[in-house]
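This report walks through a single protein chain, moving from its cysteines to its sheets, helices and a few individual residues. Please keep the sequence and the three-dimensional view at hand while reading.

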Amino acid sequence: MSWRIGVDIGGTFIDFCALETGTDRVETIKVLTTPDAPGKELLDGLALLRERHGIAPSEVVSFVHGTTVGINTIIQRKGSRLALITTAGFEDVIELARLRMPEMYSLFCARPEQLIPRDRIRGVRQRQLASGEIAEPLDTDGLAAAVAAIRAKGIDGVIVSFLHAYRNGAHEAQAKALIAKLAPELFVFTTSEVWPVIREYERTTTAILNGYVHPRVAGYLTALEEALASRGVPATPMLTKSNGGIMNAPTGKRACVNMLLSGTASGVIGAAWLAEQAGVGNVLTLDIGGTSADLALIIDGQPQFGTGEVVGDFPLFLPSVSVTSIGSGGGSIAWADDFGVLKVGPESAGSTPGPACYGRGGTRATVTDAMAASGFLGHTPLAYDQIGMDRARADAVIGDLAGRLGQTPQATAEAIIAVAVSEMFVEVNKLVARYGVDLRDFTLMPFGGAGPMLGCFLARELGIPRVLVPHRPGVVSALGGLIADVKGDFIQTVFAAAVPDALPLLREALARLKADGLAWIRQDQGYDGTVVEALSADMRYHGQSFEIEVSLEEAWLHDGDLAAMTAAFHSQHLAIYDFNDLGAEVQIVNLRLVVSGATPRPRPAPAADQPAAMAAPARRIEVWLDGASREVDLHHRDALRNGHRFSGPAVVAQQDTTICIPEGFDAQVDARLNLHLILRSEA
C-alpha cells in the first residue's frame with residue numbers, strides 16, 4: 001500500500017486527508033493545533049493516522065502541506081528586520097505606495113506602519129533606463145557605505161530594488177554579490193528574482209514580503225523536513241501555493257511569498273473539484289474555521305484568480321486565488337462595546353484555550369458557544385473525538401454576556417449567530433459587486449469546521465436558493481492540497497504596442513518564459529509528467545493606467561497574428577467594462593506563462609443507487625431557532641445514503657462538523673454522498 005496525504009493548518013485544528021493510491025480509499029482526521037509547539041500537531045496527526053487507520057509513515061509517497069506561518073508572521077509583525085537599498089531619490093517608494101488610503105471613505109482610516117522603517121532605507125546612485133540600457137553605473141563605494149550604515153542597525157536581511165530592474169536585473173545582481181561579500185551573515189533578495197514586474201512599488205513590496213517571512217518560513221520548513229524524515233516518511237514535502245498549485249519545500253524556503261495564501265487557496269481548489277463531481281458550475285465558497293471566514297467565487301467550474309490580494313495590511317502582487325477573508329470564525333469572541341452594542345470578532349479563542357464549550361479553559365463567549373447554547377452542538381463528539389462538548393460552560397459564558405447586554409441567554413446566543421452572519425453578508429455583497437454576478441445563479445458550498453454550522457443561515461439571508469455540503473466538509477482544504485497541480489507563474493514585462501515591429505521582442509520574451517518555466521518544473525520540482533502551458537498578457541489601451549489579463553494562443557505570436565491578439569483584448573475589455581474602442585492603440589505590458597503538471601485525482605465510485613426514501617432521524621433534540629424553542633430531527637451523516645431525503649429544521653452531526661438546517665430547506669443526498677439543501681420555494 002502507499003498513501004498520499006494532504007494537510008492544512010488552521011487557527012484551531014490541523015486537518016489531514018489521506019488517499020490510498022490504487023483503491024482511492026480516503027481517511028480523514030483533525031488534531032488540535034499547538035501554538036506553543038509548532039509542528040507538534042503534525043507529528044501527533046501522523047501518529048493518530050497510524051493508530052486509527054494503519055497508515056505507516058513509510059507508506060507515505062506524497063505529503064502536501066498548507067501552512068499559515070507566513071501570513072501569521074505578517075499579521076503579528078514578527079518577521080525579520082529588513083533594510084531596503086534602492087535607487088537614490090526613490091527612498092520613499094514604499095511610503096508613497098499608490099497614494100491611496102486603504103479605506104478612502106473612512107474618516108478613521110490610517111495607513112499601516114511599513115515593514116521597513118525609513119531609517120533602514122538607503123539610496124545608491126545608479127540608473128537603468130526603461131529600455132534596460134545602463135545610463136549610470138552602480139556606485140559600489142556608495143553601496144558599501146549604505147551596507148555599513150544599515151548593518152549597524154542589527155538587520156537580518158536586505159532587499160535590493162532598483163528602478164527599471166524588471167527590464168535589466170544586472171545592477172541588482174551586482175549589488176547582491178557585493179552585499180554577500182561585505183556582509184555574509186545577511187540574506188539578500190532582489191526584486192528581479194522575486195517578481196520582475198513593471199512598477200517599482202509593486203515589485204518592491206512583493207520582495208519585502210518575501211524577505212520579511214523568509215527566516216521563519218525557512219526555519220519551519222527545515223523543521224518539517226527533519227520531522228518527517230525522523231518519522232520515516234520518504235516523501236519530499238510539497239507546499240500549497242497562493243495560486244492554487246504546489247511546490248516543493250526547498251523552493252518554498254526561498255520563494256516564501258508564493259505560499260502566503262496557501263491554505264485559503266487550496267480550500268477553493270478542493271471545493272472546485274467537489275463541485276465538478278457534483279455537477280455544479282457556479283459556486284460561492286464559504287470556508288469557516290476557528291479564526292476567519294473565507295469567501296470565493298467559482299464561475300463555470302473555474303476558481304477566480306487575481307493580483308493585489310491583501311495580506312495583513314499589504315497588497316500581494318502575485319497571481320493568487322481571489323479570496324476575501326474576515327475575522328469571523330467559529331472561535332471568534334463575542335463582546336459588548338462601551339455603548340452596549342454586541343460585536344463578534346476579530347479576536348479568536350483559537351485552540352488554546354478555545355471556545356468555553358471545549359472545556360480547555362476558555363472564559364469568553366464565542367460563535368461556537370452560541371451554537372452550543374442554542375442546542376445545535378454537543379450531541380456527538382466533535383473533531384474525530386478530539387474534543388467533547390461542555391454545554392454547561394457554553395451556557396455560563398453566554399449568560400455572562402447576556403447580563404451585560406440586558407437580554408436573555410437564548411436571545412444573546414441567537415444574536416451572536418446573527419451578527420456573525422451579517423458580517424459575512426456584507427463581505428459577500430462586496431465580492432458580488434466586484435464580479436457583477438447574480439447569486440440566484442449560484443450554489444453556496446460551506447466547508448471548514450464551522451462553515452456548515454452557519455451556511456444555511458447565510459444562504460437564507462442572501463437569497464441563495466441552493467446549498468451543497470460535501471461529504472467531508474471539515475477537511476476540504478486538506479483535500480485541495482492533495483489534488484492540486486504542480487504550478488508555477490512566470491512574467492516578463494515587454495511594454496510594447498501591438499504592432500508588427502514588436503513581434504521579435506514578444507517572441508524573445510516568450511522563449512525566455514518557456515525556458516524558465518520548463519527548468520522550474522523539470523529541474524526544481526522534479527516533475528517528469530506532461531507539462532501544460534497557459535499563455536496570457538496584461539494589455540491595455542494606450543493612456544490607460546492599468547491592464548487586464550487576456551488569454552493568448554502561442555500560435556498567434558509565432559504566426560504574427562496581432563489581429564487575433566487585439567481582438568481577444570477588445571472582447572475581454574467589453575466583457576469587463578461593457579465598453580471597448582476598436583480603433584484605439586493597444587499595448588502589451590506583460591507576458592505571463594503558467595506551467596503546470598497534473599496531480600492524480602481520486603476517482604471515487606458513486607454510492608449504490610437505491611430508491612429515494614425519507615431518512616429516519618436518530619432522535620429529536622431541542623434547539624433555540626428563529627426566536628423560539630422547538631424540537632427538530634437529529635440525523636447522523638454516516639447513516640445518510642444515496643437518495644435519502646428529509647426537511648428542515650434539522651441538525652446533521654458528523655465527525656468533522658455539524659450541519660444546521662433552519663426552516664425552509666429540503667435536503668437530498670446524491671451519489672457522491674453530498675448533501676443538497678434547497679429552499680422550499682425553489683424545490
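In this structure, which is a predicted model, the count of disulfides comes to zero. A disulfide is a covalent bond between the sulfur atoms of two cysteines. The sulfur of Cys357 is 12 Å from the closest cysteine sulfur, which belongs to Cys660, and that is too far for a bond. Cys357 is buried, with a relative accessible area of 0%, and Cys17 counts as buried as well, at 2% relative accessibility.

## Two open sheets

One open sheet consists of four strands in the order E6-E5-E9-E10, and the pairing in it is parallel. Its edges are formed by strand E6 (121-124) and strand E10 (187-190), each of which pairs on one side only. On average, and with direction ignored, neighbouring strands of this sheet are turned by 20 degrees against each other. Strand E5 (residues 82-87) runs parallel to E6 and is joined to E6 by four bridges; within this pair, Thr87 has Val124 in E6 as its bridge partner. Helix H4 (residues 140-151) packs on the sheet, where it touches E5, E6 and strand E9 (157-161), and the direction of H4 makes about 170 degrees with that of E6. Helix H5 (residues 170-182) lies across E5, E9 and E10, and runs at about 160 degrees to E9.

Another open sheet of four strands has the order E30-E31-E33-E34, and here the pairing is mixed. The edge strands are strand E30 (619-625) and strand E34 (658-661), each pairing on one side only, and the twist from one strand to the next averages 30 degrees. Within this sheet, strand E31 (residues 628-636) and strand E33 (residues 650-653) run parallel and are joined by four bridges, with Leu634 standing opposite Val651 in E33. Helix H13 (residues 451-462) lies across E30 and E34, and its direction is at about 20 degrees to E34.

## A strand covered on both faces

Is strand E23 (residues 443-447) enclosed or open to the outside? Five of its five residues are buried, so E23 is largely enclosed by the rest of the structure. Both of its faces are covered, since Thr443, Met445 and Phe447 on one side and Leu444 and Pro446 on the other are all buried. E23 takes part in the strand pairings listed below, together with one pair of facing residues for each.

| Strand paired with E23 | Sense | Bridges | Facing residues |
|---|---|---|---|
| E13 (residues 283-288) | parallel | five bridges | Asp287 and Phe447 |
| E24 (residues 466-469) | parallel | two bridges | Leu444 and Val467 |

## Two crossing helices

How do helix H11 (residues 391-405) and helix H12 (residues 409-435) cross, and what angle do their axes make? The axes of H11 and H12 come within 8 Å and cross at roughly 95 degrees, which means that H11 is roughly perpendicular to H12. At their contact, Ile398, Gly399, Leu401, Ala402 and Leu405 in H11 meet Pro409, Thr412, Ala413 and Ile416 in H12. The residues of this contact divide into seven nonpolar, two polar and no charged.

## Two buried alanines in loops

Ala56 lies in the loop between helix H1 (40-53) and strand E4 (60-66), and Ala56 is buried, with a relative accessible area of 12%. Its C-alpha atom is separated by 8.3 Å from that of Leu46, and these two residues are ten residues apart along the chain.

Ala615 lies in the loop between strand E29 (613-614) and E30. Is Ala615 buried or exposed? At 10% relative accessibility Ala615 counts as buried, because buried means under 20% relative accessible area. Leaving aside its neighbours within four places in sequence, Ala615 is in contact with His635, Leu640, His644, Arg645 and Phe646. The C-alpha atoms of Ala615 and Val669 are separated by 9.7 Å, while the two residues are 54 residues apart along the chain.

Methods
Residues numbered from 1 in each chain as written. Predicted model: local features only at pLDDT ≥ 70, side-chain atom pairs only at ≥ 80, totals over all residues. Heavy atoms only, no water. Pairing = 2+ DSSP bridges. Axes fitted to C-alpha atoms, helices over the stretch in contact; angles between N-to-C directions. Contact = heavy atoms within 4.5 Å. Parallel < 35°, antiparallel > 145°, perpendicular 65-115°, else oblique. Nonpolar A, V, L, I, M, F, W, Y, C, P; charged D, E, K, R; others polar. Disulfide = S-S within 2.5 Å. Buried < 20%, exposed > 50% of the residue type's maximum accessible area, 1.4 Å probe, protein only.
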